[in-house]
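Visitor: I would like to learn how to read a structure such as this one, step by step. Could we begin by looking at it together?

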Amino acid sequence: MENNITDTFKKTYEEYSDSIFRFSLTRVSDREQALDITQETFLRLWKTMSEKKPIKNSQAFLFTIAKHLIIDWYRKKKSISLDQMIENENIPFDVPDESSFKVIELGIEGKNLLSKINDLPPIYRDSIYLRLVEDLPPKEISEILNVSVNVISVRINRGLEELKKITGYENEKNN
Amino acid sequence: MKKIIDMENEKINNGIKEIKNIKMTPSERAAILRNILPLSDTAPKPIPSPFSFYSLLKQHSFQYVLASLLVLIVGGGTIATSQKSLPGNVLYPLKVNFLEPINSSLNFSPETKAKYENSLVKERLLETETLARQGKLDSAKEKQINELLSTHTVAFNKAINELKKTDQKEQITNITTELQNQLSENTKKIVAMKNPNDTELLDPTEDLNNPKNEIAKIDLSKNGTDSYRAIKDGESDTSSATPSITRKEEASIGEKVFSVSMGNPSQNKKNMSLSINKGLRKVFALYKNGQISECFENGKLYYSASLNAYDGEGGTFDSLGTVVGKYQGFTGKYTGISPKNCERIYVIYPNIWGLEGLNKYNLE
């Protein structure tokens, strides 16, 4: 039984650790901090699994934990009003600096896209990121952000329209 | 137009691809996993060698070999002494944990095995009698004896079941009758020893031989092939029924009642349901035109009864027939004890509840 839990945990870790790390790094813009958040996120998953508490969706669980840890990190490090941040869902996306990349540098188009996602109205940021980068379906995004699936679908559609506008693609099309 | 859309997709897709390339290095990934998993107790534990001394010591077969060697080394004097030992004696564990199991394993036919287990039951009863005579029978020893009786009964029933397959009804009847007689005789002796001045006690031998009495009895059933069955339970789960002698004290009344029960001491339900019980007769006299249930609440036996009438009254009685709770049919209110864990034992027929008639203990 214990071995089953370990195996399941390892499998989940292999599958989602990079996603959680990426999600963290693009927000805190500090590799060591992103690693810490990733470790803490999976540690909480492990504890939950060890206590045999049911986990409906591991991926949603992990992103939810990571999101809360990032909020905690901002509360400690940044002079942003937490209440305001939570109220506005205003967890900014940072374009990590070069020192944060070890193996593969983030190209110009990646940097540009992250920057433009960060320029989106706060309400669309997480939905767009999770949909575009992590390929999560609206249902899972709704579980992570704790809003209805319909609301997420609307946010994705409107966020994409907005993203096209601020990236200038909309203008290119019209021209 | 199409070209612009493609370019748009390409730019976004390239950006997504680049973001997706943000990953941990393999060493970072491995380090985090290492940091988390050592916190668990799931790290593979070393498997002890099956040939180490401690591993051998844990094996039952080795324990028996060791015990046999010990018996041989220590010699016949100790064996003889241990065979006479009583619960509480240092040699008693040697007798019941080693010698008797070894002897039991040497009986190969179901008949000899049943007889041997039967003799062990007798032995336990004799030990109880001896301890009672010496005034050394305390609850710990009673518990130990009951546990052993439970073991013997399971083995006895297993042997009897094997014997049934051979259709040797006569042998089965002989063995079970012998045990029944032994049980009743010992019970009677112990009751007499423990309560020499108590004339209120029922004669256990009489009760055992009276099929209509609500005392412990051994069910020889129609063909005389079943044994050790707790009649009260009405089930064929013979493995859980154990003949034993237990002591009950009704502190509130001040009357000590020894009873023969057919269950493990922890199985209060079985013990108590088979105990000497005059209360049921009292309840039956009052609620003959109604229904009676047998209930167990906090380890105590109660009878719950109600009359066969709309808005009829009802009541709860303890094992001595004293009223401990009342039910008013027209208000639907209960006062006093209202046990929940009940089983019907008597229902008059016809009745207002639409139930079938029932008289589990042939009350009359």
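Guide: Let us begin with burial, since a residue is called buried if 20 or more other C-beta atoms lie within 10 Å of its own. This is a predicted model, and of the 364 residues that make up chain B, 32% count as buried.

Visitor: What share of the 175 residues of chain A counts as buried?

Guide: For chain A, with its 175 residues, the share that counts as buried is 38%.

Visitor: How many helices and strands does chain A have, and what does the secondary structure of chain B come to?

Guide: Chain A has nine helices and zero strands, and so its pattern, read along the sequence, is α-α-α-α-α-α-α-α-α. Chain B, for its part, comes to twelve helices and nine strands.

Visitor: Which contacts in each chain join residues that lie at least 24 apart in sequence, and what share do they make up?

Guide: In chain A, if we take the contacts with a separation of 6 or more, residues 24 or more positions apart account for 59% of them. In chain B, among contacts between residues at least 6 apart in sequence, 52% join residues at least 24 apart.

Visitor: How should I read two helices that pack together, one from each chain?

Guide: In general, two packed helices are described by the angle between their axes and the distance between the axes. Here helix H2 of chain A, residues 31-50, packs with helix H2 of chain B, residues 26-36, at an angle of about 40° and with the axes 10 Å apart. Because of that angle, H2(A) is oblique to H2(B), and the crossing in which H2(A) passes H2(B) is right-handed.

Visitor: Which residues make the contact?

Guide: From H2(A) come Leu35(A), Thr38(A), Gln39(A), Phe42(A), Leu43(A) and Trp46(A), while H2(B) brings Glu28(B), Ile32(B), Asn35(B) and Ile36(B). Sorted by class, the contact of H2(A) with H2(B) has six nonpolar residues, three polar ones and one charged one.

Visitor: Where does the largest share of the largest nonpolar core come from?

Guide: That core has 46 residues, and those with the most contacts inside it are Ile37(A), Leu45(A), Leu62(A), Ala66(A) and Ile128(A). Its largest share, nine residues, comes from helix H3 of chain A, residues 58-77. Another core, of 16 residues, lies apart from it, and includes Leu120(B), Leu149(B), Phe156(B) and Ile160(B).

Visitor: What does Ile128(A) touch?

Guide: Leaving aside residues up to four places away in sequence, Ile128(A) touches Ile117(A), Leu120(A), Ile156(A), Gly159(A), Leu160(A) and Leu163(A).

How values were computed
Residues are numbered from 1 along each chain as its sequence is written. Chains are lettered from A and ligands numbered from 1 in the order in which they are written. This is a predicted model: local features need pLDDT of at least 70, side-chain atom pairs count only at pLDDT 80 or more; totals for chains, interfaces and linings use all residues. Axes are lines fitted to C-alpha atoms, for helices over the stretch in contact, and angles run from 0 to 180 degrees between N-to-C directions. Helices (H or I, at least four residues) and strands (E, at least two) are DSSP runs, numbered from the N terminus. Angles under 35 degrees count as roughly parallel, over 145 as roughly antiparallel, 65 to 115 as roughly perpendicular and the rest as oblique. A crossing is left-handed if the near helix is turned anticlockwise from the far one by less than a right angle, and right-handed if clockwise. Two residues are in contact if their C-beta atoms, placed from the backbone, lie within 7 Å. Ala, Val, Leu, Ile, Met, Phe, Trp, Tyr, Cys and Pro count as nonpolar, Asp, Glu, Lys and Arg as charged, and the others, Gly among them, as polar. A nonpolar core is a set of buried Ala, Val, Leu, Ile, Met, Phe, Trp, Tyr and Cys residues joined through C-beta atoms within 7 Å. A residue is buried if 20 or more other C-beta atoms lie within 10 Å of its own, exposed if 12 or fewer, and partly exposed in between; C-beta atoms are placed from the backbone.
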